[in-house]
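Thanks, everyone. I have one structure to show today. Let me put it on the screen.

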Amino acid sequence: MKNKILMSFIILLSFSCGNQTSLNNDCLDCGAGLTNGFFYKEIVFEDIASNLIEINSSASVIGTCIRFKKDGVNFLEAYVVEDCCCIEFQ
Amino acid sequence: MKPISNFSIRTILGGYDNNLSYIITCNRSREQVIIDAGIEFKLISKYILKEPTAILITHTHKDHILHLDQYAKNYQSSFIIGHPISADKFLNTHYRVIRHNEIFKIGDLAFTAIHTPGHYVDSICYQLSPALFTGDTMFVGRTGRVINAGSNVEELYDSVYNKILNLPSNIRIYPGHHYGEEMSITLSENINISLLLQAENFLDFSKRMDHYEKNRTPDN
């Protein structure tokens, strides 16, 4: 009985740690947010056709995630990021 | 992986027609956002810790932006976020346009904008998984209506069936009005109770919408 309780506790603990690690490591480091004026998105064809590549030549692959600022039409800043802010964990 | 709840949602009922506004708070950073501006400022402000980072507009029908001037006056650093089509309605505010599938981050929270025209041309749902703030595109028990200028039944069908209902069925919707039995419901539960969410195709949806309009009573 004691062993069963101990085993349940260990399993529970490892699940909790797993979730928390994903949140902290992946999601808190994904860059500046709205307070700094940034949005995130996956690059689409229309972005390539606009001034995106002039702003950042490495932002040239459709589907890649970028952190960006726009003036409504044109990109002002754009940075390639590893994912779109870990939305699957939110 | 199981979603982690790192935010809280406060629901505020009031406004012109049982409007629902929501205050979302990031548990770690304590940053907040408000969904829509249809509720009197004094009813909202008592729950605001500091100036909210953003006020998200689901669409610009008057009852959803009625008190926006007052919010903007009191929260001058808050971003007001909505669809580009309506940018000219917000010339004197700290307005930021957002397009379909764009994401913004507030504290630990990532919101995705889903453009859902149909009820109105500038309608946006905001997804903060596992929550979806649907404005007037979807209520508990039915979809939004398409009776006003700027409405389009084909676009509503596309928005509801090809965008919202493609999301995970355990997502919980938080609509712009309290018209149903409950204030909030999961997508799968909503499909079960709503004939307008059980259409086979667009023609079927259109017929169901006609039937709804002909038979609707003031309380449904």
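I'll take chain B, then the sheet, then the core.

Keep in mind that this is a predicted model. Start with chain B. How many helices and strands does chain B have? Its secondary structure comes to 6 helices and 14 strands. The radius of gyration is 17 Å, close to the 17 Å from the globule rule for 220 residues, so chain B is as compact as a globular protein of that length. Along the principal axes, its C-alpha atoms fill a box of roughly 45 × 40 × 30 Å. Of the 220 residues in chain B, 45% are buried. Now sequence separation. Take the contacts in chain B between residues at least 6 apart: 54% of them join residues at least 24 apart.

Next, the sheet. It is open, has 9 strands and shows mixed pairing. Read the order with me: β3(A)-β2(A)-β1(A)-β7(B)-β8(B)-β9(B)-β10(B)-β13(B)-β14(B). Which strands stand at the edges? They are β3 (75-81) of chain A and β14 (185-186) of chain B. Each has a single partner strand, so one side of each is left without a neighbour in the sheet. Within chain A, β1 (residues 39-42) and β2 (residues 65-70) pair in the antiparallel sense over 4 bridges. For A:Phe39, the bridge partner in β2(A) is A:Phe68.

Last, the core. The largest nonpolar core has 65 residues. Strand β8 (residues 109-115) of chain B gives the most to this core, with 5 residues. Among the residues with the most contacts inside the core are B:Phe111, B:Tyr126 and B:Ala54. Look at B:Ala54. Beyond its neighbours within four places in sequence, its contacts include A:Leu34, B:Val33 and B:Phe79.

Notes
Residues numbered from 1 in each chain as written. Chains lettered and ligands numbered in written order. Predicted model: local features only at pLDDT ≥ 70, side-chain atom pairs only at ≥ 80, totals over all residues. Core = buried A, V, L, I, M, F, W, Y, C linked by C-beta atoms within 7 Å. Buried ≥ 20, exposed ≤ 12 C-beta atoms within 10 Å, placed from the backbone. Helix = DSSP H or I, 4+ residues; strand = E, 2+ residues; numbered from the N terminus. Contact = placed C-beta atoms within 7 Å. Rg over C-alpha atoms; globule rule 2.2 N^0.38 Å. Pairing = 2+ DSSP bridges.
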